[in-house]
Amino acid sequence: MTDTLRTVPAAVRVLAPRRERRAAAAVPRPVVPTSAWLPTAPCSPQVCVASARSLAAVPRAALRLGALLVTLAVGIALLPVFGAVPAARRDPLIRAWSRAVVRAGGVRTRVTGAAAPHGGLLLVANHISWLDIPLLAAVRPARMLAKAEIRRWPVAGALTARSGALFIERDRLRALPHTVARIAGALRSGAAVVAFPEGSTWCGRAQGPFRRAVFQAALDAGVPVQPVRLHYRLEGGPASTAPAFVGEDSLLSSLWRVVTARHLVAEVEILPEIPAGAHPDRRALARAAQPQPAGAELARAHAALAGKPTLIA
């Protein structure tokens, strides 16, 4: 997520009556990128995100939050131990711990498909929530491609740093070639790397286009790409935006929405692997790897709410 600059059109400020100005101020305003290449999304907590507000949910949510923090702390404490364990034994432990993190938050997981267990692999997925990270680690433990700001997050920042994440400075265009080279080097060494090519979180009703730079690393390293589609819904019911971590949302707010939600299910669809050399350039590879939204109707509903064009094809 990027820093935002929110503005009201000058004509509204100058000409609208006071009542209309108040109404305009209540509507989420457009997100303006702070850099020419930083991606943005029209999603915001006010427009896109649904949350439970029942006081009856507070005791259960407090227990879930405590369990989640303890599970995270145990993982951080055991990272040095994981590093000393052979990969054949370490990866199942990491996958089990990642599933435990998601379950501690009260979220059930459904996985379809499987990722290659060994060798260099670029895993790419649409990005909705902080939950995406343990969900993908449960698919295959990998080095995470993460924005540099995550280093400053409480708990999650330490966990991400110690896990061997590849941090990128998204507002420095000159650093991009070096970042691509680092990713390619990790892939050549036989590691899996997880990336969210949208570059920003969306609420889950729709998604943004995949940025192409990370796919150049897969081309340079000569490794396959494994697309993954993430989707959150209520058990036996509609899609849910409660796990979304979007716009100016805080991590604590997103955590609280997750632990207060009932019957939340995370669906992880591992799509067919794209072999190395199957596409001639990063543009074609990014297009082939883009998972489509769960349904066109959801995407159209999102476009109507956000007031912006949304990718639905």
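## A positive phi in a loop

His263 is placed in the loop between α10 (251–260) and β7 (264–270). In this predicted model, the phi of His263 is near 60 degrees, a positive value in a residue other than glycine. Most residues other than glycine have a negative phi.

## Two nonpolar cores

The largest nonpolar core has 50 residues, and Leu123 and Trp130 touch the most other members of that core. Leaving aside residues up to four places away in sequence, Leu123 touches Ala115, Val139 and Ala142, the run Ala192, Val193, Val194 and Ala195, and also Gln226 and Val228. Apart from this core lies another, of 24 residues, which includes Ala184, Leu187, Phe210 and Val225. In soluble globular proteins, nonpolar side chains tend to be buried together.

## The aromatic pair

One aromatic pair is present in the structure. The ring centres of Phe210 and Phe215 are 6.1 Å apart and the ring planes lie at 25 degrees; because planes under 30 degrees apart count as stacked, the pair is stacked.

Are these two residues buried or exposed? Phe210 has a relative accessible area of 8% and is buried. Phe215 is likewise buried, with a relative accessibility of 0%. Both values fall under the 20% limit for burial. Phe210 is also one of the residues of the 24-residue core, whereas Phe215 lies in α9 and takes part in the contacts of that helix with α11.

## Packing of α8 against α9

Helix α8 (residues 176–188) and helix α9 (residues 213–221) have axes that come within 8 Å and cross at roughly 45 degrees. This angle makes α8 oblique to α9, and the crossing is right-handed.

On the α8 side, the contacts involve Leu176, Val180, Ile183, Ala184, Leu187 and Arg188. Their partners in α9 are Ala213, Val214, Gln216, Ala217, Ala218, Asp220 and Ala221. Ala184 and Leu187, named among these α8 residues, are also among the members of the 24-residue core.

## Packing of α9 against α11

At what angle do the axes of α9 and helix α11 (residues 282–289) cross? They cross at roughly 110 degrees and come within 9 Å. The two helices are therefore roughly perpendicular to each other.

In this second packing, Ala213, Phe215, Gln216, Ala218 and Leu219 of α9 meet Arg282, Leu285, Ala286 and Ala289 of α11. Ala213, Gln216 and Ala218 thus appear in the contacts of α9 with α11 and also in those with α8.

How values were computed. Residues numbered from 1 in each chain as written. Predicted model: local features only at pLDDT ≥ 70, side-chain atom pairs only at ≥ 80, totals over all residues. Heavy atoms only, no water. Core = buried A, V, L, I, M, F, W, Y, C linked by side-chain atoms within 4.5 Å. Buried < 20%, exposed > 50% of the residue type's maximum accessible area, 1.4 Å probe, protein only. Contact = heavy atoms within 4.5 Å. Phe/Tyr/Trp six-rings, centres within 6.5 Å; stacked < 30°, edge-to-face > 60°. Axes fitted to C-alpha atoms, helices over the stretch in contact; angles between N-to-C directions. Helix = DSSP H or I, 4+ residues; strand = E, 2+ residues; numbered from the N terminus. Parallel < 35°, antiparallel > 145°, perpendicular 65-115°, else oblique. Left-handed = near helix turned anticlockwise from the far one by under 90°.
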